[in-house]
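Take a look at the model below. The notes after it cover one helix and one sheet.

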Amino acid sequence: MAVNEQDVERIVKQVLSQMGGTAKAPSFGGRAVSGEIPKTAKVAMLVEKERFEVKEFPIPEVGDDDILVRVEACGVCGTDAHEFKRDPFGLIPVALGHEGTGEIVKMGRNVKKDSAGKDLHVGDKVVTCMIFRDDPEITMFDLNKQNVGEADVYGLLPDDEYHLNGWFSDYIFIRKGSTVFNVSDLDLDSRTLIEPSAVLVHAVERAKTTGILRFNSRVAVQGCGPIGLLCIAVLRTMGIEHITAVDGNEQRLNFAKRLGASETVNFNDHSGIEALTKAVSDSFGGHLADFAFQCTGNPKAHANIYKFIRNGGGLCELGFFVNGGDATINPHFDLCSKEINLVGSWVYTLRDYGTTFDFLKRAKAIGLPVTELITHKYPLEQINEALKTNLAMTGLKIAVVTPAGS
Ligand SMILES: [Zn+2]
């Protein structure tokens, strides 16, 4: 009886599952079973504003330094929604999707370890981070380097001869110089939330540079979209107990409580900034916030948040991920006379990734339902609907999943 490679794989999986082990694709000499990798990959290409087309492209030859990953899932980011609607980055045609995760199905012989020094094998679950034009060693280990500098990201690359450049696809082609992390010890939904969570780990690291954030700080978080909600979860896992969430949506505020907010303020219940400020102060037992995180892209919200903060307090602005327009503040009342310590935060650095993996594990361990942030899952073929659901803001985190991840 002739046994082909697919039969071998099936038999090995069967034996492994009978042994109670995890069924993994067997790797022969570091190379994947060739029978399981198709010749072409499906890539959701944004071909014009508000329209993705799922195209098929040949899977490139995997070179000595390359990694081929079978995509399981990828979250939809606000950045994707902006690009979908308006193409502000001028990238069309582009393979989007940067919050993705999947399984290594093939890798070159020079690939031995991930960007944190962990071993990499076929079958491991991975995420990518940045593709650096500067030295990744510096970005990983130089603690004085606070921002991303010159870097590219899969899912925001101009189209090229490979085409497999984004995570909204069923395979992604990871080339030399990319940063990649082995996250096999995290479940699929947690892995899908790594990238947005890293934004908050970075924001909190920025906030800590003010020296104001402490275990017993009173912290206001304005905006309860995925970013604000993850902010609350990160603060809670680091032991901060007095967190007030501010938003206009009762459902999101209820979820904020489940993620660690001690109090909530619905701004629709209070007319005028004075009444709103009083509500925030009441939530802290008659005290203004020691520190505040501004997680909306609304200029009015930026102007308001100074009022919630005590003299000498701190503010981290991270909501204006893209240009949301000018905000009007009074520099005398809002900044100088209050001596506010203001930091901005944008994206993350490579080393925030390691902290993020620990955050997701800790959040799970203390029972925060972080993965419930993923409210919708769409197959790749329905990516246009996924983006429209994101823009309609009816859910929280929208994910695109492939058959491998569902
Ligand atoms: Zn993102």
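Which residues of helix 11 are buried?

## Helix 11

This is a predicted model. In helix 11, the buried residues are Leu-350, Arg-351, Asp-352, Tyr-353, Thr-356, Phe-357, Phe-359, Leu-360 and Ala-363. Charged residues are on that list too, including Arg-351 and Asp-352.

Helix 11 runs over residues 350–365, which makes 16 residues. At 1.5 Å a residue, the expected span is 22 Å. The C-alpha atoms at its ends lie 24 Å apart, so the expected span and the model agree. Just after the helix comes Gly-367, with a positive phi of about 80 degrees.

## The sheet

Now the strands. Three of them make an open sheet, ordered 2-1-4, with antiparallel pairing. Strand 2 (51–58) and strand 4 (94–95) are the edges, and each pairs on one side only.

## Pairing of strand 1

How many bridges join strand 1 and strand 2? Eight, in the antiparallel sense. Within this pairing, Val-43 has Lys-55 of strand 2 as its bridge partner. The two strands form a hairpin, with two residues between them. Glu-50 sits in that turn and has a positive phi of about 65 degrees.

Strand 1 (residues 40–48) also pairs with strand 4, over two bridges and again antiparallel. Here Met-45 has Ala-95 of strand 4 as its bridge partner.

Conventions
Residues are numbered from 1 along each chain as its sequence is written. This is a predicted model: local features need pLDDT of at least 70, side-chain atom pairs count only at pLDDT 80 or more; totals for chains, interfaces and linings use all residues. Helices (H or I, at least four residues) and strands (E, at least two) are DSSP runs, numbered from the N terminus. The expected span of a helix is 1.5 Å times one less than its number of residues. A residue is buried if 20 or more other C-beta atoms lie within 10 Å of its own, exposed if 12 or fewer, and partly exposed in between; C-beta atoms are placed from the backbone. Two strands pair if DSSP finds at least two bridges between them.
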